[in-house]
Amino acid sequence: FKQKTAYEIPKRDWSSDVCSSDLNAYVVAPPAGQGDTCWIVDPGESPGPLLQFLRGCSLRPEAVLCTHAHADHIAGLEAVLAETGDLPVLAHPLEHDWFGDPMLNLSQFIGDPVSVRAPTGDLTHGQHLTLGTMRWRVLHTPGHSPGSVTLWCPDASLALVGDTLFSGSIGRVDFPTSDPDAMRHSLHDVLLALPDDTRIFPGHGPDTTIGRERRGNPFIVHGF
């Protein structure tokens, strides 16, 4: 697992592909002039490019938020905290134990066990968060994993969805801790309830919109 891009959302004046994999890590910041704090969302396995970006800007990380605790999204956590200091680490409580358990975070199955420190706080359904002037809401979107969450900013019409929804696809539901029925609920009753113009930033691959996926995603149109 390698990291592709660190996005600033909303984007200011930069965009860079830093390697060839399609795993996304995000630096989330308010629009220019509305605060200098930021979140790191899903640090990935190799956070070097993300940290390099932070060194070159004036943003000040205030927390690490994890959409879920599979190894490819959390393995770089210790490297991030070693550079940024002991930031709060937030995740759904159903997956706090996964951070230190290679069986649960699936790294044991690829022969490279990952064990990192446990989160210090929770992300739970309906929780409200603020980042500068931005107001966010946490949506519990299980299926790919039991503690998967989406971070939704209604005012900016964007959502970070982890591995629940991709451009033209969805997250895998054949892992031991996955739940296809929960995924159907998360897709149809939670994410598709968002406005069509909501921009979706997934854990892998390019961004998309709710409307585009509602109309053309085969797993939504035809089911699974």
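Trainee: Hi! Let's start with H144: is it buried or exposed?

Mentor: Good place to begin. This is a predicted model, and in it H144 has a relative accessible area of 4%. Buried means under 20%, so H144 counts as buried.

Trainee: Where in the chain is H144 found?

Mentor: Look in the loop between β8, residues 134-140, and β9, residues 149-153.

Trainee: And what does the side chain of H144 make a polar contact with?

Mentor: With the side chain of D163, at 3.4 Å. The H144 side chain also reaches the backbone oxygen of R172, at 2.8 Å.

Trainee: Which residues does H144 touch, leaving out those up to four places away in sequence?

Mentor: D163 and R172 are on that list too. The others are H68, H70, G171, V173, F175, S178 and M183.

Trainee: Okay, new topic. How many disulfides does a search of the whole structure find?

Mentor: Zero. Take C38 as an example: the nearest cysteine sulfur belongs to C57 and is 6.4 Å away, and C38 is in no disulfide. A disulfide needs two cysteine sulfur atoms within 2.5 Å.

Trainee: Why is there no bond for C153?

Mentor: Because the closest cysteine sulfur, in C38, is 15 Å from the sulfur of C153, which is too far for a bond.

Trainee: Are those two cysteines buried or exposed, C38 and C153?

Mentor: C38 is buried, at 0% relative accessibility. C153 is buried as well, at 1%.

Trainee: Let's talk about strands. What is the order of the six strands in the open sheet?

Mentor: Follow them across as β7-β8-β9-β10-β13-β14. The pairing in this sheet is mixed.

Trainee: Which ones are the edge strands?

Mentor: β7, residues 128-131, and β14, residues 208-209. Each of these pairs on one side only.

Trainee: What actually holds neighbouring strands together in a sheet?

Mentor: In general, strands pair through backbone hydrogen bonds, and they can do so in a parallel or an antiparallel way.

Trainee: Do β10 and β13 run parallel or antiparallel, then?

Mentor: Parallel. Four bridges join β10, residues 158-162, to β13, residues 199-202. If you want a spot to look at, find L160, which stands opposite F201 in β13.

Trainee: Something else: which non-glycine residue has a positive phi of about 60°?

Mentor: That is D42. You can find D42 in the loop between β3, residues 37-41, and α1, residues 48-55. D42 is buried, with a relative accessible area of 2%.

Trainee: What about S157, what is its phi near?

Mentor: Near 55°, again a positive value in a residue other than glycine. S157 sits in the loop between β9 and β10. At 23% relative accessibility, S157 is partly exposed.

Trainee: Last topic, the inside. Which residues touch the most other members of the largest nonpolar core?

Mentor: V27, L50, L54, V64, C66, L77 and F99, out of 25 residues in that core. At least two residues each come from β2, β3, α1, α2, α3 and β5.

Trainee: Which element gives the most to this core?

Mentor: α1 does, with four residues. There is also a second, separate core of 19 residues, and A63, L65, L123 and W136 are among them.

Trainee: Why would nonpolar side chains gather like that?

Mentor: It is a general trend: in soluble globular proteins, nonpolar side chains tend to be buried together.

Technical notes. Residues are numbered from 1 along each chain as its sequence is written. This is a predicted model: local features need pLDDT of at least 70, side-chain atom pairs count only at pLDDT 80 or more; totals for chains, interfaces and linings use all residues. Side-chain values use heavy atoms; hydrogens and water are left out. Buried means under 20% relative accessible area, exposed over 50%, partly exposed in between (1.4 Å probe, protein chains only). A polar contact is a pair of N or O atoms within 3.5 Å; within protein, one must be able to donate a hydrogen and the other to accept it, and residues adjacent in sequence count only if both atoms are side-chain atoms. Contact means heavy atoms within 4.5 Å. Two strands pair if DSSP finds at least two bridges between them. A nonpolar core is a set of buried Ala, Val, Leu, Ile, Met, Phe, Trp, Tyr and Cys residues joined through side-chain atoms within 4.5 Å.
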